[in-house]
Amino acid sequence: MNQQKIPATVITGFLGAGKTTMIRNLLTNAGGKKIALIINEFGDLGVDGDVLKGCGAENCTEDDIIELTNGCICCTVADDFIPTMTKLLEREQRPDHIVIETSGLALPQPLVAAFNWPDIRTQVTVDGVITVVDSAAVAAGRFADDHDAVDARRAEDESLDHESPIEELFEDQLTCADLIVLNKTDLIDAAGLIRVRDEVASRTVRKPAIIEAKNGEVSAGILLGLGIGTEDDVANRKSHHELEHEDGAPHDHDEFDSFVVDLGPVADPAGFVEKLKTIISTHDVLRLKGFVDIAGKPMRLQLQAVGSRIDHYFDRAWAPGEKRTTRLVVIGLHEMDQDAVRTAIEELA
Ligand SMILES: Nc1nc2c(ncn2[C@@H]2O[C@H](COP(=O)(O)OP(=O)(O)OP(=O)(O)O)[C@@H](O)[C@H]2O)c(=O)[nH]1
């Protein structure tokens, strides 16, 4: 690898796997390295950027955190990612390392391929693609479709050309990995973890290294020191879509949808969380996150749901003059009944 080039690490993984948590941890143990972060999120709320800006890390200030909000990074390579990188590379003080967090629904392949664009290739190299996996979700069968049911559906409808979009995306993100981090090991036992490792390994042909982590705690030396130059190997990491559409037809994310719900103050946070859990399981919401205005409290509540598992904590005080509001982004499969979910959540405040 050309030592003059700035290394860039791509961090991918399905919704809620723990990408932002891992990056947050990375910023606190990256030593003196000056890091620029490019954050891409599905849904119009910018929670990840807010969380990471809240770290206050000296080696990665608010100016060094760039949010790409115009859709999944894999679809906006030309319009959003390349111009952003170009601007970043024109800065007087260049970063030592660039870290890119893809949205949980992004295909990493088009992003890695973008590093072969002439203006980028001469200045930056992909140090590695790291795929974060929610081990508990794998153990719960989240990514294993019922193949018999799919075959039966396909027998009735020949136009059905792919399997579960979640399973497919999960495999695409593993296919592109240089390192797989089995995260959330605290949520499963040792035997479960062995099964998760086997399942993940069985879904990758290239067999990259697999390590385990809790709360994304992996040393910066490992995360930022892969030294792969992944852009030279994109041809070996094709996504399902690329394999099925060799003509280069563009992909989309039609199978998934997101929307934002705005609410007034919440009086009973514990009751609110319990009722949200029921809504999430009833409607199979994949991811829900945002900020909650708890009536009478000076602090803002941050809420993070991955499936029906919900974490919440007071992250910071509402700033003077800041409009207190409850805003939640909801992400699910396209067939999720959006109106029913919205109405059920609105009735909680
Ligand atoms: N129990 C447990 N929770 C974790 C771990 N890592 C992350 N979480 C929690 O999982 C939730 C999602 O974590 P994030 O880091 O936001 O996940 P993400 O991959 O960035 O999510 P998206 O950007 O929405 O796709 C948060 O509530 C985290 O606190 C872990 O190792 N164990």
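This report walks through a predicted model, from overall confidence to the strands, the ligand shell and a few single residues.

## How far to trust it

Remember that everything here comes from a predicted model. The chain has an average pLDDT of 91, and 93% of the residues reach at least 70. For the complex, the predictor reports an ipTM of 0.99 together with a pTM of 0.94.

## Strand 2 and its partners

Let's start with strand 2, residues 35–40. Six of its six residues are buried, so the strand is mostly covered. That goes for both faces: I35, L37 and I39 are buried on one side, and A36, I38 and N40 are buried on the other. As background, side chains in a regular strand alternate between the two faces of the sheet.

Strand 2 has parallel neighbours. Strand 4 (residues 97–101) runs parallel to strand 2 and is joined to it by five bridges; here I35 sits opposite H97. Strand 3 (residues 65–68) is also parallel to strand 2, with four bridges between them, and in this pairing I39 faces E67.

## Strand 6 and the unit it starts

Strand 6 (residues 179–183) is another covered one. All five of its five residues are buried, so the rest of the structure largely encloses this strand. On one side the buried residues are L179, V181 and N183, while I180 and L182 are buried on the other.

What does strand 6 pair with? Strand 5 (residues 124–134) is one partner, in the parallel sense over five bridges. Within that pairing, V133 has L182 of strand 6 as its bridge partner. Strand 7 (residues 209–212) is another parallel partner of strand 6, this time over four bridges, and V181 is matched there with I211 of strand 7. If you trace the chain from strand 6 through helix 9 (residues 190–202) to strand 7, you get a right-handed β-α-β unit.

## Around strand 7

I210 is a residue of strand 7. It counts as partly exposed because it has 18 C-beta neighbours inside 10 Å, and a residue needs 20 or more to be called buried. I210 and G128 are 82 residues apart in sequence, yet their C-alpha atoms are 14 Å apart in space.

The loop between strand 7 and helix 10 (220–223) holds N215. N215 is not a glycine, but its phi is positive, at about 50°. For context, most residues other than glycine have a negative phi. N215 is partly exposed, because 14 other C-beta atoms lie within 10 Å.

## The ligand shell

Which residues come closest to the ligand? Of the 22 residues that surround it, the closest are G18, T20, T21, G104 and Q304. Helix 1 (19–28) and strand 10 (299–306) are the elements that each give two or more residues to this shell. Helix 1 supplies the largest share, three residues.

In terms of chemistry, the shell around the ligand breaks down into four nonpolar, 10 polar and eight charged residues.

## The C-terminal stretch

An unreviewed UniProt entry carries the annotation "domain: CobW C-terminal" for residues 256–349. In the model this span is 26% helix and 43% strand, and its end C-alpha atoms are 26 Å apart.

D284 is in the loop between helix 12 (269–283) and strand 9 (287–293). D284 is not a glycine, but has a positive phi of about 50°. Is D284 partly exposed or buried? It counts as partly exposed, because it has 14 C-beta neighbours inside 10 Å.

## An exposed loop residue

A249 belongs to the loop between helix 11 (240–244) and strand 8 (256–263). A249 is exposed, because just 10 other C-beta atoms lie within 10 Å, and the cut-off for exposed is 12 or fewer. A249 and G264 are 15 residues apart along the chain, and 44 Å separates their C-alpha atoms.

Definitions and conventions:
Residues are numbered from 1 along each chain as its sequence is written. This is a predicted model: local features need pLDDT of at least 70, side-chain atom pairs count only at pLDDT 80 or more; totals for chains, interfaces and linings use all residues. UniProt positions are given in the numbering used here, feature names are shortened, and annotations may be inferred rather than shown by experiment. Two strands pair if DSSP finds at least two bridges between them. A crossover is right-handed if, with the strands pointing away from the viewer, the path from the first strand over the helix to the second runs clockwise. pLDDT is the predictor's confidence in each residue, from 0 to 100. A residue is near a molecule or strand if its C-beta atom, placed from the backbone, lies within 6 Å of it. Ala, Val, Leu, Ile, Met, Phe, Trp, Tyr, Cys and Pro count as nonpolar, Asp, Glu, Lys and Arg as charged, and the others, Gly among them, as polar.
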